[in-house]
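This briefing is intended for a reader who wishes to examine a structural model alongside its sequence. Three topics are treated in turn.

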Amino acid sequence: MLTVEEQTQAAPPAGTGAEKERAVQRMFSSIARYYDLNNSLLSLGLHHAWKHQAVSLLDPNDRIVLDVGAGTADLALLTAARLGEKVRIVAADLNRPMLAIGVEKVRKAARQQQIVCVQANAERLCVPDASFDAVTTGFCMRNVGDLTTALREILRALKPGGRLICLEFSRPVAGWLRGLYDWYSFTLLPWIGTKMSGDHTGVYEYLPASIRAFPDQEGLARVMRDVGFTRVEYRNLSGGIVAIHIAVK
Ligand SMILES: C[S@@+](CC[C@H](N)C(=O)[O-])C[C@H]1O[C@@H](n2cnc3c(N)ncnc32)[C@H](O)[C@@H]1O
């Protein structure tokens, strides 16, 4: 069995920029059909609670919300459920197979009047400046080619005073949890994920490696401040396995 360090090295080459973007998109195309099921299985159902927590931080007066890296539209649907009929949501993702599942879920929930799913790159959002009351993003920032570019683009899209709510994997606070979590994510998770989806692109090895390579709670807050966000704060969920960063334009 490989050590955690060896498995990090064995993960598919993520690279940076366009190279990383292509590799990540190949992975999501390969697992899109299994994404929701595997998400529930691999997070032991916790991702539902994490997503609920994230949308609970939206302001009840938000009327137009952008979800970046919307995937299969979970956050967009929860936002519609929380803020009611008056809210309009743009669910943007680069990956067509993921979005196609999102479109179907939006249709089944009869939310087509409220949620529009669009294919767009987080680093080049095709939206006007200062047009959204809030931006949500769930488990996407770790996957973009360039984090700073994506955060700058989100800042541009927000109205002054608008808030970014960013849900992302982070760093468990307690040492014992970090050890357990490393074992789970580098050993058990790739095995289950690959068995369930039959994936051969290495996405379930990429997942823990990308989490480890991503800035921790303080690091991400720093990048957000450097980009120009103010009043950046974060909350740890599940002992810091996941964190929600809230940042204001
Ligand atoms: C782990 S999934 C998260 C999906 C959804 N937000 C959720 O919480 O279930 C990450 C998503 O980010 C998308 N993504 C990655 N890089 C992107 C980019 N540069 N622009 C837009 N979407 C991107 C992927 O296509 C994928 O659907």
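The points below concern the sheet, a pair of packed helices and the surroundings of the ligand. The model is predicted. Its sheet is open and is built from seven strands with mixed pairing, and 21 residues surround the ligand.

**Sheet**
- The strands follow the order β3-β2-β1-β4-β5-β7-β6.
- At the edges lie β3 (115–119) and β6 (230–237), each of which pairs on one side only.
- From one strand to the next, the twist averages 15°.
- Strands β4 (residues 132–138) and β5 (residues 158–169) run parallel and are joined by six bridges; T137 has C166 in β5 as its bridge partner.
- Helix α10 (residues 217–227) packs on the sheet, where it touches β6 and β7 (242–248), and its direction makes about 160° with that of β6.

**Helix pair α3 and α8**
- Helix α3 (residues 35–42) packs with helix α8 (residues 175–197) at an angle of about 150°, and their axes are 10 Å apart.
- The two helices are therefore roughly antiparallel to each other, an angle over 145 degrees being counted as such.
- Their crossing is right-handed.
- L37, N38, L41 and L42 of α3 make the contact with L189, I192, G193, M196 and S197 of α8.
- This contact comprises six nonpolar and three polar residues, with no charged residues.

**Ligand surroundings**
- The closest residues to the ligand are G69, G71, N95, A122 and G138.
- The shell divides into ten nonpolar, seven polar and four charged residues.
- Helices α2 (17–31) and α5 (74–83) each supply at least two residues of the shell, and α2 gives the most, with three residues.

Notes:
Residues are numbered from 1 along each chain as its sequence is written. This is a predicted model: local features need pLDDT of at least 70, side-chain atom pairs count only at pLDDT 80 or more; totals for chains, interfaces and linings use all residues. A residue is near a molecule or strand if its C-beta atom, placed from the backbone, lies within 6 Å of it. Helices (H or I, at least four residues) and strands (E, at least two) are DSSP runs, numbered from the N terminus. Ala, Val, Leu, Ile, Met, Phe, Trp, Tyr, Cys and Pro count as nonpolar, Asp, Glu, Lys and Arg as charged, and the others, Gly among them, as polar. Axes are lines fitted to C-alpha atoms, for helices over the stretch in contact, and angles run from 0 to 180 degrees between N-to-C directions. Angles under 35 degrees count as roughly parallel, over 145 as roughly antiparallel, 65 to 115 as roughly perpendicular and the rest as oblique. A crossing is left-handed if the near helix is turned anticlockwise from the far one by less than a right angle, and right-handed if clockwise. Two residues are in contact if their C-beta atoms, placed from the backbone, lie within 7 Å. Two strands pair if DSSP finds at least two bridges between them.
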